[in-house]
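Hi there,

Here is the structure I promised to pass on. Have a look at it first, and then read on for what turned up in it.

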Amino acid sequence: MNLHDWIDELCDVLDIETEVDEGLLKDLSDIAIDNVERTAGPVTTYLLGYAAGSRTADPERVERLAALAQALAEGWDRPAGFRDPLDVDEPVPDDSAVDHSDERFEA
């Protein structure tokens, strides 16, 4: 199953009929994550969907709304010293002295 299949199934479950540009949503989410913070990705795409739905927007209008959201995210100015609360910066323990030759890992 891929993202397109997931979207089709989710639309069926939610009883909605809509076309989804998953590439546009993924790109917008990635930009919000990179420029604002990690949780901004799904929130941004949710709000884009809400705005599109409340205005019964056609695909061109959705692209214009997405461009506005993208411009906001790209121009977002994080405060100095901003740390994403989900970005854990803990040291990785050094286990180089441990023999892992007999260990099996599940894929």
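Let me begin with helix α4. With 16 residues at 1.5 Å a residue, α4 should span 22 Å, and its end C-alpha atoms are indeed 22 Å apart, so expectation and model agree. Within α4, the buried residues are Leu65, Ala66 and Ala73. Looking down the axis of α4, you will find these buried residues within an arc of 100°, which means that they line one face of the helix. Their packing partners are α2 and α3.

Please keep in mind that this is a predicted model.

Now for the overall layout. The protein has four helices and zero strands, and along the sequence the pattern reads α-α-α-α. Of the 107 residues in the protein, 18% are buried. If you take the contacts between residues at least 6 apart in sequence, 54% of them join residues at least 24 apart.

Helix α2 can be checked in the way α4 was. It runs over residues 22-35, and at 1.5 Å a residue these 14 residues should span 20 Å; the end C-alpha atoms lie 20 Å apart, which agrees. Which residues of α2 are buried? They are Leu24, Leu28, Ser29, Ile31 and Ala32. These residues cover an arc of only 160° around the axis, so they sit on the same side of α2. The general reason behind such spacing is that an α-helix has 3.6 residues a turn, so residues three or four places apart point the same way. What do the buried residues of α2 pack against? The answer is α3 (40-54) and α4 (59-74).

Leu24 is a good residue to click on if you want to see this packing for yourself. It lies in helix α2 and is one of the buried residues there. Leaving aside residues up to four places away in sequence, Leu24 touches Leu48, Val62, Glu63 and Ala66. Leu24 and Ala66 are 42 residues apart along the chain, yet their C-alpha atoms are separated by 7.8 Å. Ala66 is itself among the buried residues of α4.

Next, the pockets. The largest pocket has a volume of about 940 Å³. Its lining is made of 28 residues, and those nearest its centre are Thr18, Glu19, Val20, Leu25 and Gly49. Helices α1 (3-14), α2, α3 and α4 each contribute at least two residues to that lining. Which helix gives the largest share of the lining of the largest pocket? That is α3, with seven residues. Sorted by class, the lining of the largest pocket holds 17 nonpolar, five polar and six charged residues.

The second largest pocket holds about 260 Å³ of space. There are 14 residues in its lining, with Thr44, Leu47, Leu68, Ala69 and Leu72 nearest the centre. The elements giving two or more residues to this lining are α3 and α4. Here too α3 provides the largest share, namely six residues. As for the chemistry of the second largest pocket, its lining divides into 13 nonpolar residues, one polar and no charged.

If you open the model, Leu24 and its contacts with Leu48, Val62, Glu63 and Ala66 make a handy starting view. From there you could turn to Thr18, Glu19, Val20, Leu25 and Gly49, nearest the centre of the largest pocket.

Best wishes

Definitions and conventions
Residues numbered from 1 in each chain as written. Predicted model: local features only at pLDDT ≥ 70, side-chain atom pairs only at ≥ 80, totals over all residues. Heavy atoms only, no water. Expected span 1.5 Å × (residues − 1). Buried < 20%, exposed > 50% of the residue type's maximum accessible area, 1.4 Å probe, protein only. Arc of directions from axis to C-beta. Contact = heavy atoms within 4.5 Å. 1 Å grid on protein atoms, 1.4 Å probe; cavity = no way out; pocket = protein on both sides within 12 Å on 5 of 7 lines; lining within 4 Å. Points joined across faces, edges and corners; volume = space filled by probe spheres on them. Nonpolar A, V, L, I, M, F, W, Y, C, P; charged D, E, K, R; others polar.
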